[in-house]
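Trainee: I would like a close look at one part of this model. Please take me through the helix packing, step by step, and through some residues around it.

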Amino acid sequence: PVSRAQILGGKLLARFVLGMIQYGIMFGFGALLGVRYGDDPVALLLLMVVFVLCIGALTLALTTLLKSEAQAQGITLFLSLVLAPLGGAWWPLEIVPTFMQTAARVTPVAWVMDGYRSLIFEGGSLMTVAPSLAVLAGMTALFFAFGVARFRIV
């Protein structure tokens with residue numbers, strides 16, 4: 001009696017809420033320690049929301065290609081260990097060779113890190129993170145469309 005859209009919506013909503021809770025804990029703890037996240041909380045929140053949506057959509061797209069839970073665990077670990085450093089979450093992209101900076105642009109991590117750097121270190125605003133938000137939203141739409149098209153109820 002439950003539709004395909006309701007199943008997908010429920011699963012994605014749960015993952016979205018979990019991602020936002022993780023962000024809340026991480027950024028909240030940082031704020032308690034005195035970390036400043038810039039002067040535009042709306043831009044910061046939008047970056048968080050769009051990034052969580054993007055990763056959720058990427059996860060949906062990937063799950064349609066995997067056959068088992070073991071494959072999912074393996075690809076999750078692999079992508080975590082590749083996308084984070086490639087996208088600049090472990091070190092600034094400015095210190096890596098040009099070809100790696102270019103390759104990083106295919107990852108959502110690089111775009112969200114650009115937005116965070118702009119807000120936190122450069123005093124940016126919603127307008128300065130707009131390109132990051134647009135690219136992340138585009139990636140989200142692409143991943144989500146792929147995942148929905150391939151999703152099958154077993």
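Mentor: Let us start with one helix pair in this predicted model. The axes of H5 and helix H6 come within 9 Å of each other and cross at roughly 160 degrees. H5 spans residues 108-121, and H6 spans residues 126-150. Angles over 145 degrees count as roughly antiparallel, so H5 is roughly antiparallel to H6. The crossing of H5 past H6 is left-handed.

Which residues of H5 and H6 meet? From H5 come Pro108, Trp111, Val112, Asp114, Gly115, Ser118 and Leu119. From H6 come Thr128, Val129, Pro131, Ser132, Val135, Leu136, Met139 and Phe143. Sorted by class, the contact of H5 with H6 has ten nonpolar residues, four polar and one charged.

Stay with Ser118 for a moment. Ser118 sits in helix H5. Is Ser118 buried or exposed? Its relative accessibility is 8%, so Ser118 counts as buried. The cut-off for buried is under 20%. Leave aside the neighbours within four places in sequence, and Ser118 is in contact with Gly123, Gly124, Thr128 and Val129. Two of these names, Thr128 and Val129, also stand on the H6 side of the helix contact.

Now turn H6 towards another partner, H2. Helix H2 covers residues 41-63. H2 and H6 pack at an angle of about 20 degrees, and their axes are 8 Å apart. Angles under 35 degrees count as roughly parallel, so H2 is roughly parallel to H6. H2 passes H6 in a left-handed crossing. By class, the contact of H2 with H6 has 21 nonpolar residues, three polar and no charged ones.

Cys54 gives a view of this region from inside H2. Cys54 is placed in helix H2. With 0% relative accessibility, Cys54 counts as buried. Beyond its neighbours within four places in sequence, Cys54 is in contact with Pro108, Leu136, Met139, Thr140 and Phe143. Compare its spacing from Ile25: Cys54 and Ile25 are 29 residues apart in sequence and 20 Å apart in space, C-alpha to C-alpha.

Leu136 looks back from H6. Leu136 is one of the H6 residues that meet H5. What does Leu136 touch, not counting residues up to four places away in sequence? Leu136 touches Leu47, Val50, Phe51 and Cys54. Leu136 also touches Pro108, Trp111 and Val112. The last three, Pro108, Trp111 and Val112, are among the H5 residues in the contact with H6.

That brings us to the core. In soluble globular proteins, nonpolar side chains tend to be buried together. Here the largest nonpolar core has 26 residues. The residues with the most contacts inside this core are Tyr23, Leu47, Tyr116 and Leu136. Which elements give two or more residues to this core? They are H1, H2, H5 and H6. H2 gives the most, with eleven residues.

Next comes H1. Helix H1 covers residues 4-32. H1 and H2 pack at an angle of about 135 degrees, with axes 9 Å apart. H1 and H2 are therefore oblique to each other. H1 passes H2 in a right-handed crossing. On the H1 side, the contact is made by Leu8, Leu12, Arg15, Phe16, Gly19, Met20, Tyr23 and Phe27. On the H2 side, the residues are Leu44, Leu45, Met48, Val49, Phe51, Val52, Leu53, Gly56 and Leu60. By class, the contact of H1 with H2 has 14 nonpolar residues, two polar and one charged. Tyr23 thus appears twice: in the contact with H2, and among the residues with the most contacts inside the core.

Finally, look at the loops at either end of H2. Gly38 is in the loop between H1 and H2. Gly38 is partly exposed, because its relative accessible area is 25%. Not counting residues up to four places away in sequence, Gly38 touches Leu119 and Ile120. Gly38 and Leu66 are 28 residues apart in sequence, yet 40 Å apart in space, C-alpha to C-alpha.

Thr64 lies in the loop between H2 and helix H3. Thr64 has 14% relative accessibility, so Thr64 counts as buried. Leaving aside its neighbours within four places in sequence, Thr64 is in contact with Phe146, Gly147, Arg150 and Phe151.

Technical notes. Residues numbered from 1 in each chain as written. Predicted model: local features only at pLDDT ≥ 70, side-chain atom pairs only at ≥ 80, totals over all residues. Heavy atoms only, no water. Axes fitted to C-alpha atoms, helices over the stretch in contact; angles between N-to-C directions. Helix = DSSP H or I, 4+ residues; strand = E, 2+ residues; numbered from the N terminus. Parallel < 35°, antiparallel > 145°, perpendicular 65-115°, else oblique. Left-handed = near helix turned anticlockwise from the far one by under 90°. Contact = heavy atoms within 4.5 Å. Nonpolar A, V, L, I, M, F, W, Y, C, P; charged D, E, K, R; others polar. Buried < 20%, exposed > 50% of the residue type's maximum accessible area, 1.4 Å probe, protein only. Core = buried A, V, L, I, M, F, W, Y, C linked by side-chain atoms within 4.5 Å.
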